[in-house]
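Visitor: Hi, I've just opened this one and could use a quick tour. Can you walk me through it?

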Amino acid sequence: MRLMKIWYNEIKEFYMQKFIQAYIEKLDVTTIIENILTKVISLLLLLIVFYIAKKMLHTMVQRIVKPSLKMSRHDVGRQKTISRLLENVFNYTLYFFLLYCILSILGLPVSSLLAGAGIAGVAIGMGAQGFLSDVINGFFILFERQLDVGDEVVLTNGPITVSGKVVSVGIRTTQLRSEEQVLHFVPNRNITVVSNFSRTD
């Protein structure tokens, strides 16, 4: 019985070695290394292009958009608000394309992921509602000029109030710096009442 067990283990080890050897022989190591290097180089080039594009967009806002706004009748606060909003929109767009390109380079089925995202969207719809509320409320805040960068305001949501100087107005959040130099990030959907002490009109 013991002898049969020894033979069984030897035969098992023999065929296991044969299987591993055959598997290794079928592997094209050179092709695998080339594919990995190609993907790494592509990702590095993509990051370089992304960095350059981000710098160019920032420069465009600083050298083209801001001077154009200065030539218009908008006040300084409104100019800062619009320019920072444009930068935020450009950055969101760039990051979206960066993610899309990374997934494509890695060989992931982007179309299938997007289709799956449609199904998953039903599950995460409740979470997305908050983001959409931020964007919609932020749009009305900007469109109605309820506040601009540099304004002294009090933002109210029920019993909660936040006061300070407006630092940035984005499509999702509004940033205030209080007298204690604390920076507050307020989701736009939570802004129900705006008390603007800098508005004279």
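Guide: Sure, we'll go through the sheet, a surface patch and some record annotations. Keep in mind that this is a predicted model.

Visitor: Okay, sheet to begin with. In what order do the strands come?

Guide: The 5 strands go 4-3-2-1-5, making an open sheet with antiparallel pairing.

Visitor: And which strands stand at the edges?

Guide: Strand 4 (183-187) and strand 5 (193-196). Each has a single partner strand, so one side of each has no neighbour in the sheet. On average, neighbouring strands here are turned by 45° against each other, ignoring direction.

Visitor: What holds strands together in a sheet, generally?

Guide: Strands pair through backbone hydrogen bonds, parallel or antiparallel.

Visitor: How many bridges join strand 2 to strand 3?

Guide: There are 4 between strand 2 (residues 160-169) and strand 3 (residues 173-177), and the two run antiparallel. As for who faces whom, Val 166 is opposite Leu 176 in strand 3.

Visitor: New topic: which residues form the nonpolar patch on the surface?

Guide: Ile 33, Leu 37, Ile 41, Leu 45, Ile 48, Tyr 51, Ile 52 and Met 56, with about 820 Å² of accessible area together.

Visitor: Where does Leu 37 lie?

Guide: In helix 2 (residues 29-71). Leu 37 is partly exposed, because its relative accessible area of 49% falls between the 20% and 50% cut-offs.

Visitor: Where does UniProt place "transmembrane region"?

Guide: The unreviewed entry gives residues 36-53, 89-108 and 114-136. In the model, residues 36-53 are 100% helix, with end C-alpha atoms 26 Å apart. Residues 89-108 are 85% helix and 0% strand, and their end C-alpha atoms lie 26 Å apart.

Note on methods
Residues are numbered from 1 along each chain as its sequence is written. This is a predicted model: local features need pLDDT of at least 70, side-chain atom pairs count only at pLDDT 80 or more; totals for chains, interfaces and linings use all residues. Side-chain values use heavy atoms; hydrogens and water are left out. Patches are made of residues with over 30% relative accessible area and no salt bridge: like charges are joined within 9 Å, nonpolar side chains (Val, Leu, Ile, Met, Phe, Trp, Tyr) within 5 Å. Accessible areas come from the Shrake-Rupley method with a 1.4 Å probe; for residues, only the protein chains shown count as cover. A salt bridge is a side-chain nitrogen of Lys or Arg within 4 Å of a carboxyl oxygen of Asp or Glu. Buried means under 20% relative accessible area, exposed over 50%, partly exposed in between (1.4 Å probe, protein chains only). Two strands pair if DSSP finds at least two bridges between them. Axes are lines fitted to C-alpha atoms, for helices over the stretch in contact, and angles run from 0 to 180 degrees between N-to-C directions. UniProt positions are given in the numbering used here, feature names are shortened, and annotations may be inferred rather than shown by experiment.
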